[in-house]
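User: I would like a close look at a single part of this protein, the aromatic residues and the sheet around them. Please take me through it step by step, and keep the sentences short.

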Amino acid sequence: MAISKDRKVELVTQYVEQLRQSKGIILADYRGMTVSDISGLRNSLRSVGCRFWVVKNRLLKLALNEVGLSLPNDWLDGPTVVGFCQDVPRAAKMLTEAKKELEVLRIKGGLVGAAAVSAEQVDAIANLPPLEVVLSQALGTINAPASRMVGVVASGIRQVLNVLQAYVDKLEKSGAVPGGEQAAVPA
């Protein structure tokens, strides 16, 4: 079915808008998927801020050119569905998991920022730990030297206190403490 020129212009405008708003895109071949498969995947991706659209390859190419991006030409062959993603790692993870269930879904590649990433790289992105985990690991790495320094200083203070307590104990045994009072150094 032919699309009017006005509708084509409207679609290119929508693609351009989505490309500008997205942090990345993931392209897939949906050949063999049912409408319910695509709808289910679209709904699950929406929860991670990803819009999943069946696109016209030629119109997507025009939109990519308009925003100054490019993809390998073979990625824009055949039926294409594009995930316009705000959180690329989570969307990649969901698509990779969906690929296991829907054996006909084939990831072609994508863009992260302005960099083209292959299907294998999309799989690698999917296997990255969540951002919260990476941030906590980085914070732990930054915090570790300070924690070790506190431990070293505290152990030095404990050693000095132990020496003082031993000296007090020695004085008590020898009876050298004036007035027979017991002197103790807090531990």
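**The aromatic cluster and its sheet**

Analyst: The count comes to two aromatic pairs in this predicted model. The first is Y15 with W53, a tilted pair. Their ring centres are 6.2 Å apart, with 45 degrees between the planes. This pair links distant parts of the chain. Y15 sits in helix α1, residues 5-21, and W53 in strand β2. They are 38 residues apart. Y15 counts as buried, because its relative accessibility is 2%.

The second pair is W53 with F84. Here the geometry is edge-to-face: 5.4 Å centre to centre and 70 degrees between the planes. W53 belongs to strand β2 and F84 to strand β3, so the pair ties together parts that are 31 residues apart in sequence. Both W53 and F84 are buried. W53 takes part in the tilted pair and in the edge-to-face pair. Together, Y15, W53 and F84 make one aromatic cluster.

Now the sheet. Its five strands are ordered β2-β3-β1-β4-β5. The sheet is open, and the pairing is antiparallel. β2 and β5 are the edge strands, each pairing on one side only. W53 therefore sits on an edge strand, as it lies in β2. On average, neighbouring strands are turned by 20 degrees against each other, direction ignored.

Take the strand pairings in turn. β1 and β3 run antiparallel, with six bridges between them. L27 stands opposite V82 in β3. β1 is also joined to β4 by six bridges, again antiparallel. There, I26 stands opposite G110 in β4. β4 and β5, residues 115-118, pair in the antiparallel sense over four bridges. The bridge partner of G110 in β5 is V117. G110 thus has a partner in β5 and faces I26 as well.

β4 and β5 form a hairpin with two residues between them. G113 lies in that turn and has a positive phi of about 65 degrees. β4 itself, residues 106-112, is mostly covered, with five of its seven residues buried.

What packs on this sheet? Helix α4 lies across β1, β2, β3 and β4. It runs at about 15 degrees to β1.

Helix and strands also share a core. In soluble globular proteins, nonpolar side chains tend to be buried together. Here the largest nonpolar core has 24 residues. I26, L41, L45, A91, L95 and L105 touch the most other members. The elements giving two or more residues to this core are β1 (24-29), α2 (35-46), β2 (50-55), β3 (80-85), α4 (88-101) and α5 (119-126). α4 supplies the largest share, five residues.

I26 is worth a closer look. Leaving aside residues up to four places away in sequence, I26 touches V81, V82, G83, C85, V88, A91, A92, L95, I107, G109, G110 and V122. Apart from this core lies another, of 20 residues. Among its members are L11, V12, L60 and W75.

One more feature concerns a bench biochemist: the cysteines. A disulfide is a covalent bond between the sulfur atoms of two cysteines. The structure holds zero disulfides. Why is there none between C50 and C85? Their sulfurs are 3.3 Å apart, which is too far for a bond. The cut-off for a disulfide is 2.5 Å between the sulfur atoms. For C85, the closest cysteine sulfur is that of C50. For C50, the closest is that of C85. C50 counts as buried at 2% relative accessibility. C85 counts as buried at 0%.

Last, a residue far from this part of the chain. L171 lies in helix α6, residues 131-174. L171 is partly exposed, with a relative accessible area of 26%. L171 and V16 are 155 residues apart in sequence. In space they are 85 Å apart, C-alpha to C-alpha.

Conventions: Residues are numbered from 1 along each chain as its sequence is written. This is a predicted model: local features need pLDDT of at least 70, side-chain atom pairs count only at pLDDT 80 or more; totals for chains, interfaces and linings use all residues. Side-chain values use heavy atoms; hydrogens and water are left out. Buried means under 20% relative accessible area, exposed over 50%, partly exposed in between (1.4 Å probe, protein chains only). A nonpolar core is a set of buried Ala, Val, Leu, Ile, Met, Phe, Trp, Tyr and Cys residues joined through side-chain atoms within 4.5 Å. Contact means heavy atoms within 4.5 Å. Two strands pair if DSSP finds at least two bridges between them. Rings of Phe, Tyr and Trp (its six-membered ring) pair if their centres lie within 6.5 Å; planes under 30 degrees apart count as stacked, over 60 as edge-to-face and the rest as tilted. Axes are lines fitted to C-alpha atoms, for helices over the stretch in contact, and angles run from 0 to 180 degrees between N-to-C directions.
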